[in-house]
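Trainee: Please take me through a single part of this model in detail, namely the place where one domain meets another. I would like the contacts described with their cut-offs, and then set against the rest of the chain.

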Amino acid sequence: MKLVVTIPAYNEENTIAGVIREIPRRIDGLASVEVLVIDDGSTEATVHKARQAGADHVISHTNNEGLGVAFRDGLEAALQLGADIIVNIDGDGQYNGGEIPKLVKPLLENKADLVLGWRDIDNLAFMPKGKKIGNKLATWLTNIASGGKAPIKDAQSGFRAFSKEAALRMHLSGQYTYVQETLMEARYKGLRIEQLPIEFRPRRGSSRLIPNLSSYARRAGRIILATYWNYHPMRVFGFIGGVTLLTGIALGIRVLVHFLQAGVLSPHAPSAIAAALLMATGMQAFILGLFAEVLRKQRIFQEEILYRLRKRESNGQG
Ligand SMILES: Nc1nc2c(ncn2[C@@H]2O[C@H](COP(=O)(O)OP(=O)(O)OP(=O)(O)O)[C@@H](O)[C@H]2O)c(=O)[nH]1
Ligand SMILES: [Mg+2]
């Protein structure tokens, strides 16, 4: 069994070496442990420091493409390297690589497909209140959007372990981040998620990902909604269509009652037009929902093809 530890990094020259050195290279049940750094267009010495500290593989993006893209590339490359388990850890030293054995244990025992390390956010004295609230909100939204029995405790954690099967099943499209989308995918696909408490330390240096909370909320929120929309298009279009259609019908009934009583449309002619437009728009939304459902089913078939292709490639049958 081979473990590949992926580290997405953007300008982490001060911390990346420490992160790499903290990763245990011998873990019970694993024949080898390799480190793969995904440098996302860093403008300083991240790559140099990573190589010096013993990174086995480095992928470099010419430009800064986003954490979501870097994570996706990391998963893909780890599979190509023959990984049976993939652990992702941030390059800023906030997570403790010494906890990797704990994280991979449920995978080695085949008790889970994805192990999520969760931070005890309420008790992190150094985390600003605004960030705590933002974290809770994003986790709540991820839970609402993905259902599932046991609620996810910390959807923003960057320390997690994936079985090969879980990695093969990930079909991600978010550019900015991967954290919520991967959990939603795992839940939609019925993968087994185990959650374990992990250490979380203060960050050295400024956040690379979150310049301010409102921009994070906007960008992560968009990914959560887009993922939900992809999986449940009829719920989204059905809701829009239902609200529009019912408003149109209610307005239409009012106009009709007036017409039956007064014998003339006036002064409700504008309402009659609005009712007709709303009803037509509502019907269109339902029809769009039906088309989107067809596309969703197509995507499921395409994902199955991609899954089988990746599996062959990762088994060296490419
Ligand atoms: N590939 C890539 N990685 C990034 C980018 N921005 C941040 N990262 C990396 O993603 C990890 C998490 O980023 P952080 O800035 O620590 O974000 P965070 O941990 O969610 O938030 P903080 O609490 O502020 O640290 C780190 O390893 C960063 O180097 C990016 O644009 N591209
Ligand atoms: Mg961080």
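What follows is one connected answer, which begins at the domain boundary and then moves outward.

Mentor: This is a predicted model, in which local features need pLDDT of at least 70 and side-chain atom pairs count only at pLDDT 80 or more, while totals for chains, interfaces and linings use all residues. Residues are numbered from 1 along each chain as written, chains are lettered from A and ligands numbered from 1 in the order written, and side-chain values use heavy atoms, without hydrogens or water.

The domain assignment, which is automatic or taken from a database, divides the protein chain into domain 1, residues 2-228, and domain 2, residues 233-314. Their C-alpha centres are 38 Å apart, yet 13 residues of domain 1 are in contact with 10 residues of domain 2 (heavy atoms within 4.5 Å). Between them the two domains bury about 1,100 Å², of which 44% lies on carbon and sulfur atoms; this is the accessible area, with a 1.4 Å probe, lost on being put together and summed over both parts. Leu168, His171 and Tyr228 supply 48% of the area that domain 1 buries against domain 2, more than any other three residues.

Turning to the polar side of this boundary, three salt bridges are counted between domain 1 and domain 2 (a side-chain nitrogen of Lys or Arg within 4 Å of a carboxyl oxygen of Asp or Glu). A salt bridge also joins the side chains of Arg310 and Glu76, with N to O at 3.5 Å. Helix H3 (67-80) and helix H6 (164-169) each supply at least two residues of the side of domain 1 that touches domain 2, and H6 gives the most to that side, with five residues. Helices here are DSSP runs of H or I with at least four residues, strands are E runs of at least two, and both are numbered from the N terminus.

For the wider setting, the structure holds 21 salt bridges. Among them is the one between Lys2 and Glu34, whose closest N and O atoms are 3.3 Å apart; it links distant parts of the chain, with Lys2 in strand S1 (residues 2-9) and Glu34 in strand S2 (residues 32-40), 32 residues apart.

Ligand 1 has 19 residues around it, of which Glu12, Asp40, Gly91, Asp92 and Lys131 come nearest (a residue counts if one of its heavy atoms lies within 4 Å). Polar side-chain atoms lie 2.6 Å from an oxygen atom of ligand 1 for Lys131, 2.8 Å for Ser207 and 3.0 Å for Asn64.

Two backbone details deserve a check against the general expectation that most residues other than glycine have a negative phi and most peptide bonds are trans. Ser266 and Pro267 are joined by a cis peptide bond with omega about 5°, and Pro267 is placed in the loop between helix H9 (233-262) and helix H10 (269-314). Asn11, although not a glycine, has a positive phi of about 55°, and its place is in the loop between S1 and helix H1 (16-22).

Technical notes: Polar contact = N/O pair within 3.5 Å; in protein donor to acceptor, adjacent residues only side chain to side chain.
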